[in-house]
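Welcome to this tour. Open your viewer, colour by chain, and follow the stops below.

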There are 2 protein chains.
Amino acid sequence: MVQTMKRPDLGAAIRASQDEHLFARYRERLDPAAAWNATLDTILSHRSVRTYLPDPVPFETVQLLVAAAQSAATSSNLQPWSVVAVEDPARKARLAALAGNQAQILQAPLFLLWIVDHHRLTQIGERVGVAAEGLHFLESFLLGAVDTALAAQNAVVALESIGLGSCYIGGIRNKPAEVAAELGLPPQTFALFGMTVGYPDAAAPASVKPRLPQQTVLFRERYGSEASVSAIAAYDGRLREFQREQSMVERDWTDQASQRVRGAASLAGRDVLRSVLHDLGFQLA
Amino acid sequence: MVQTMKRPDLGAAIRASQDEHLFARYRERLDPAAAWNATLDTILSHRSVRTYLPDPVPFETVQLLVAAAQSAATSSNLQPWSVVAVEDPARKARLAALAGNQAQILQAPLFLLWIVDHHRLTQIGERVGVAAEGLHFLESFLLGAVDTALAAQNAVVALESIGLGSCYIGGIRNKPAEVAAELGLPPQTFALFGMTVGYPDAAAPASVKPRLPQQTVLFRERYGSEASVSAIAAYDGRLREFQREQSMVERDWTDQASQRVRGAASLAGRDVLRSVLHDLGFQLA
């Protein structure tokens, strides 16, 4: 990327692989990466998979993904999350209906629900006579959400490393109370997001989506957004190029993203999340 | 793990590696993992590093980590995060003072601040004449926090795959307004967590911390916590064994975790997070 260091001594094939991965992610030629290996290859190759083969995911694979998830950092070792693995087609159908009718939830053999779990901490508090009132603050909910996300992302990298694909389903937050009822969730638990998991259908391959140029998201020492206007304009063009290749409707990121956050009506019902979380037992003080 | 599937046909060395990693993570003998590779090895080997060599992290390595971070999924491609890379010792010292005086922030050559960034989305909205009022809801803040965490965790796996170590610093949320001033953060941005990064000091090796047994966090079809009491008691014992080995004070997880969430006073000032976020431009409606 920057030119100040000697080009790393990598074989031509590895160099070609890293060049190709960085180009796919940014759609611009970058200086060579500082290092390369199979893990970086897996991470840089990420694409969301929305078309799956019917083959089930063995339960020991689910256990391996959860071992990866539990290996992520967790604040003060609180481990404030759980995961529910859903395979029953009827339950998947009901959850899909609650999450905006996404067909991939029906199609994927496995649907993981990642749960912010303050119930377990409340229970252990009761056993030792501590009221766990610190959980009633927004900070504790946020900590739970962060730790759940760190865990889930480890599972994604793990599953992609063994040839599976996945897609996060934020739509599960459209109807949190109904999802809680479907999964039998106790108070102080919340399905933060879903995740479809399965073997990607090679007949409908997913592609690496280009992201914003690094200079719009990476700053040194202090935040600075001066350089962003032209870089974002360049990104609008690169995303249109990607959309053309995918036979998608061409649309600037600028337009797409700003419409997505336009107002309450663009949040698919999630504008009431705060009061629903209250009902689920999160005070968010 | 479960006994229903044939043991995978892996070489003895690989089998020993996966057995060892799973045992370190759970402190119980588990059935063999469904698969094994270098990426799983990296993920399962995670430990938080708090003692670093002084060697700087080359900036092209930072760029590689950010490429990994940007490769994570992001809801509706909103990319609502930024990262500030701090190396200046004086700035690191000021940030350390704001984050509970953790010495590792001074010692690590690199301190990454992971920022929930709704400023960029607000700016692009202004350019196309859209008010971005959807950002004023708790849902949008939560979405930003989740996407920031997914990105950061990709960076962690990437950096560990090339021999670096890191530690998340939630303490950066102790004083969010002061951190924002130090980093020159504009309205609608928030330093969600910090991350020390550097080369681990082999003279002070970190160890893999055991986690809760899987049956306490992984459920099939519906949530169920019936099996948890005895499993958590077993975990208390395993964590004490780990603490003995590390010459740490022995303390049950049950006790440690419940004291950590006891009340406002155990949150290190973060009980006021909600009003501070308001001041930083997040309405959290």
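Start where the two chains meet: select chain A and chain B, where 8 salt bridges cross the interface, a salt bridge being a side-chain nitrogen of Lys or Arg within 4 Å of a carboxyl oxygen of Asp or Glu. Before going further, note that this is a predicted model, in which local features need pLDDT of at least 70, side-chain atom pairs count only at pLDDT 80 or more, and totals for chains, interfaces and linings use all residues. Residues are numbered from 1 along each chain as its sequence is written, chains are lettered from A and ligands numbered from 1 in the order in which they are written, and side-chain values use heavy atoms, with hydrogens and water left out.

**The interface**

Zoom in on Arg270(B) and Glu139(A): they form a salt bridge, with 2.8 Å between the closest N and O atoms. Now select helix H7 (residues 138-161) of chain A, which gives the most to the side of chain A that touches chain B, with 15 residues. Helices (H or I, at least four residues) and strands (E, at least two) are DSSP runs here, numbered from the N terminus.

Colour that side of chain A by class and you should find 73 nonpolar, 34 polar and 22 charged residues. In this scheme Ala, Val, Leu, Ile, Met, Phe, Trp, Tyr, Cys and Pro are nonpolar, Asp, Glu, Lys and Arg are charged, and the others, Gly among them, are polar.

How many residues of each chain are in contact with the other? The count is 129 residues of chain A and 128 of chain B, where contact means heavy atoms within 4.5 Å. The two chains bury about 11300 Å² between them, with 62% of it on carbon and sulfur atoms; buried area is the accessible area (1.4 Å probe) that two parts lose on being put together, summed over both.

**A sheet shared by both chains**

Next, select strand E1 (residues 81-86) of chain A and strand E5 (residues 218-220) of chain B, which pair in the parallel sense over 3 bridges. Strands pair if DSSP finds at least two bridges between them. Look for Val84(A), opposite Phe219(B).

Widen the selection to the open sheet E3(A)-E4(A)-E2(A)-E1(A)-E5(B), which has 5 strands and mixed pairing. Strand E3 (165-169) of chain A and E5 of chain B are at the edges with a single partner strand each, so one side of each has no neighbour in the sheet. From one strand to the next, the twist averages 25°; axes are lines fitted to C-alpha atoms, for helices over the stretch in contact, and angles run from 0 to 180 degrees between N-to-C directions.

At the E3(A) end, 5 bridges join that strand to the antiparallel strand E4 (residues 189-198) of chain A, and Tyr168(A) stands opposite Met195(A). Add helix H6 (residues 119-128) of chain A, which lies across E1, E2 and E4 of chain A at about 45° to E2(A).

**Two last stops in chain A**

Select Glu245(A) and Arg27(A), a salt bridge with its closest N and O atoms 2.7 Å apart. Glu245(A) sits in helix H9 (residues 228-245) and Arg27(A) in the loop between helices H1 (12-26) and H2 (38-44) of chain A, so the pair ties together parts 218 residues apart in sequence.

Finish at Ser75(A), in the loop between helix H3 (59-70) and E1 of chain A. What is Ser75(A) in contact with, leaving aside neighbours within four places in sequence? Its contacts are Leu143(A), Asp147(A) and, from the other chain, Arg260(B).
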